[in-house]
Amino acid sequence: MSIEIANESGVDVDTDAVLAVARHALDEMGVNPLAELSVLLVDIDYMTELNHRWMGGEGPTDVLAFPMDEGSVDHGPGESAPSGGEPALLGDIVLCPEVAAKQAATAGHAPADELHLLTVHGVLHLLGYDHAEPEEEREMFALQARLLVSWRSTRTQ
């Protein structure tokens, strides 16, 4: 799994943990091990600009996902592999650690835990999951929670 990460946020982040949780989620979802993913951590101003430009939103958001090659993503063992077995270019996940820290304080957990949650959330969006409808939201958030629990259990062993 090729995962590139760049921290341009100005915030000290454990990028190794962000990479590890992304890798875990992709592995658990049965994504081609040769797939490529990019993770970018940005400041509030840049996230505000991205949110406005691409989502029509106001102000900064916590995570944005930009899928690249949706048609060739292997969502798991129940689906056929991408044609020719070629690796998929999954896309980009953009995280804003400052927004994550505010949300973590509200939720009562560590900023790192929020970044891990947002990373898994972004991975699931790249794999085609969404939460626009109540049923989709239940499915995506249950899967997100399961992936986080399984990842945390591997870190405590």
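**Entry 1: helix H4**

Which elements do the buried residues of H4 pack against? I opened the predicted model with that in mind. I found H1, E2, strand E3 (63-67), E4, helix H3 (97-107) and H5 on the list of packing partners.

I then checked how enclosed H4 is. The tally came to 12 buried residues of the 16 in H4, so the rest of the structure largely encloses this helix. I wrote the buried ones down as Glu114, Leu115, His116, Leu118, Thr119, Val120, His121, Gly122, Val123, Leu124, His125 and Leu126.

Next I looked at the span of H4. From its first C-alpha to its last, H4 reaches 23 Å, close to the 22 Å expected at 1.5 Å a residue. Just after the helix I stopped at Gly128, which follows H4 and has a positive phi, near 100°.

**Entry 2: the whole chain**

I stepped back for an overview. My count from the model is five helices and four strands. Reading from the N terminus, I noted the order of elements as β-α-β-α-β-β-α-α-α.

The chain has 157 residues, and 41% of them count as buried. I also looked up how far apart in sequence the contacting residues are. Among contacts with a separation of 6 or more, 68% are between residues 24 or more positions apart.

**Entry 3: the nonpolar cores**

Which residues have the most contacts inside the largest nonpolar core? I got Met29, Leu37, Leu90, Leu95, Val123 and Leu124, in a core of 33 residues. Helix H1 (15-28), strand E2 (36-41), strand E4 (89-95), helix H4 (111-126) and helix H5 (134-155) each supply at least two residues of this core. Another core, of eight residues, lies apart from it, and I noted Leu50, Val94, Cys96 and Val99 among its members. As background for this entry, nonpolar side chains tend to be buried together in soluble globular proteins.

I picked Leu95 for a closer look. Setting aside neighbours within four places in sequence, I found Leu95 in contact with Val18, Val39, Leu40, Leu41, Val42, Met47, Asp62, Val63, Leu115, Leu118 and Thr119.

**Entry 4: Leu115 and Cys96**

Leu115 came up in that list, and I followed it back to helix H4. Is Leu115 buried or exposed? Its relative accessible area is 7%, which is under 20%, so Leu115 counts as buried. Beyond four places in sequence, I see Leu115 in contact with Val13, Leu95, Pro97 and Ala100. I also took its C-alpha distance to Val21, which is 94 residues away along the chain, and got 9.6 Å.

Cys96 belongs to the core of eight residues, and I located it in the loop between E4 and H3. Cys96 has 0% relative accessibility and counts as buried. Leaving out residues up to four places away, I find that Cys96 touches Val42, Asp43, Ile44, Met47, Thr61 and Asp62. For Thr61, 35 residues apart from Cys96 along the chain, the C-alpha separation is 7.2 Å.

**Entry 5: Asp92 and Tyr129**

I wanted a charged residue on a strand, and Asp92 lies in E4. How large is the relative accessible area of Asp92? I read 27%, and Asp92 is therefore partly exposed, as that value falls between the 20% and 50% cut-offs. Not counting residues up to four places away in sequence, Asp92 touches Ser38, Leu64, Ala65, Phe66, Met68 and Leu126. The C-alpha atoms of Asp92 and Val39 are 5.7 Å apart, with their positions 53 residues apart along the chain.

Tyr129 sits in the loop between H4 and H5. I noted a relative accessible area of 17%, and Tyr129 counts as buried. From Tyr129 to Met140, 11 residues apart along the chain, the C-alpha separation is 6.2 Å.

**Entry 6: the largest pocket**

What is the volume of the largest pocket? I have it at about 230 Å³. Its lining consists of Asn51, Met55, Thr61, Asp62, Val63, Leu64, Ala65, His121, Gly122, His125, Asp130 and His131. Helix H2 (44-55), E3 and H4 are the elements that give two or more residues to this lining.

I sorted the lining residues by type and got four nonpolar, six polar and two charged. Going back to my first entry, I recognised His121, Gly122 and His125 from the buried residues of H4, and these three are also in the pocket lining. Likewise Thr61 and Asp62, which Cys96 touches, turn up among the lining residues.

Terms used:
Residues are numbered from 1 along each chain as its sequence is written. This is a predicted model: local features need pLDDT of at least 70, side-chain atom pairs count only at pLDDT 80 or more; totals for chains, interfaces and linings use all residues. Side-chain values use heavy atoms; hydrogens and water are left out. A nonpolar core is a set of buried Ala, Val, Leu, Ile, Met, Phe, Trp, Tyr and Cys residues joined through side-chain atoms within 4.5 Å. Buried means under 20% relative accessible area, exposed over 50%, partly exposed in between (1.4 Å probe, protein chains only). Contact means heavy atoms within 4.5 Å. The expected span of a helix is 1.5 Å times one less than its number of residues. On a 1 Å grid over the protein atoms alone, a cavity is a set of points where a 1.4 Å probe fits but cannot get out, and a pocket is an open set with protein on both sides within 12 Å along at least five of seven lines; lining residues have an atom within 4 Å of a point. Grid points are joined across faces, edges and corners, and a volume is the space filled by probe spheres set on the points. Ala, Val, Leu, Ile, Met, Phe, Trp, Tyr, Cys and Pro count as nonpolar, Asp, Glu, Lys and Arg as charged, and the others, Gly among them, as polar.
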